[in-house]
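Visitor: I would like to learn how to read enclosed empty space in a protein model. Could you take me through it step by step?

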Amino acid sequence: MSWRRLSLDTHAFGGAPARWGLLRAPRENQRAARVERRWRWPLLLALVATIPAFYVDLLPQTPSSVAVALYVAAACTLAAALGHVAIVSGAALTHLRANATDVLLIAGLLMSAALPSSEHSSIALSARLGVAFLTLARMVWTVQHLINRGGLGYLLLTSLAVLGACGVGFRLLEPTTPDLASGLWLAFTTAATVGYGDLVPTTPASRIFAVFVVLLGYGVLSLVTAAIAARWIETEERRIERQILRDMRREMAALRRDMAALREALPAAAVLQRQAVRLDVQQAVEDQ
């Protein structure tokens with residue numbers, strides 16, 4: 001099958017071309033869209049669980065079976081969500097082709113579970129880093145529906161939760177953060193890319209974690225900023241719509257007044273017309 005034919009099929013399936021290898025269920029299929037919404041939060045939680053799995057594999061004092069279990073659970077959740085929506089949509093193969101990134105991510109998560117410990121293998125560490133970046137992109141795509149006027153509260157809560165989780169991560173991974181407050185401060189300065197220099201990552205694990213914190217900070221802050229902008233834009237649109245509606249109401253009221261005046265004038269005009277006709281008839285009789 002050619003790429004042109006694939007793009008046409010994808011466009012016809014979802015109403016819009018797939019971006020980044022991801023496409024939501026078609027809106028005209030309400031059942032598939034409803035199933036996809038039900039899977040949204042369980043899938044997000046499963047993908048978030050792969051973040052501690054990445055660092056559990058780096059810490060020597062923790063068993064690798066925990067990371068394996070988290071990777072496998074995330075892969076199974078993503079596969080179940082993708083398969084369920086594909087079956088309900090009625091176009092399973094087309095849906096799978098349109099969501100090639102999910103298929104690739106499932107394979108990557110299973111590969112991360114099967115690879116040896118990242119502490120002893122740079123190849124395994126590099127592979128898991130690639131899967132982690134792909135997972136991060138998938139999580140950002142998952143919460144795109146929150147970028148609207150009503151989703152600002154959810155995004156703010158999500159931002160606080162992400163910041164808190166990053167603070168806990170720095171508290172566990174960075175020896176220069178003896179308490180949670182220091183971990184939260186380092187997480188905030190890292191996510192905001194401020195870099196005051198009072199606290200900095202010093203271990204390889206915390207430095208890798210800082211990379212993801214920066215990316216998460218960019219992603220979450222961008223989503224919050226977009227939601228705030230969406231609220232302002234929608235507020236301005238609402239104001240313009242209200243002004244248009246007021247103008248339409250005034251014009252309709254003026255039309256009603258004119259029509260009422262015409263209705264009142266019609267009987268008088270009819271009487272005048274009948275009188276004019278009688279006068280014309282009388283004049284014609286007199287002329288004869």
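Guide: What follows is a short reading of the cavities and their linings. This is a predicted model, in which local features need pLDDT of at least 70 and side-chain atom pairs count only at pLDDT 80 or more, while totals for chains, interfaces and linings use all residues. Residues are numbered from 1 along each chain as its sequence is written, and side-chain values use heavy atoms, with hydrogens and water left out.

Visitor: How many cavities of 30 Å³ or more does a search of the whole structure find?

Guide: Rolling a probe the size of a water molecule over the atoms shows where empty space is left. The search finds 2 cavities of 30 Å³ or more, a cavity being a set of points, on a 1 Å grid over the protein atoms alone, where a 1.4 Å probe fits but cannot get out. The largest has a volume of about 180 Å³, volume being the space filled by probe spheres set on the points, which are joined across faces, edges and corners.

Visitor: Which residues lie nearest the centre of the largest cavity?

Guide: Of its 16 lining residues (those with an atom within 4 Å of a point), Glu36, Leu43, Val85, Asp102 and Arg138 lie nearest the centre. By class, this lining has 8 nonpolar, 3 polar and 5 charged residues, where Ala, Val, Leu, Ile, Met, Phe, Trp, Tyr, Cys and Pro count as nonpolar, Asp, Glu, Lys and Arg as charged, and the others, Gly among them, as polar.

Visitor: What is the volume of the second largest cavity, and which residues are closest to its centre?

Guide: The second largest cavity has a volume of about 140 Å³, and Thr50, Ile51, Ala132, Thr135 and Phe212 are the closest to its centre. Its lining has 12 nonpolar, 3 polar and 1 charged residues.

Technical notes
1 Å grid on protein atoms, 1.4 Å probe; cavity = no way out; pocket = protein on both sides within 12 Å on 5 of 7 lines; lining within 4 Å.
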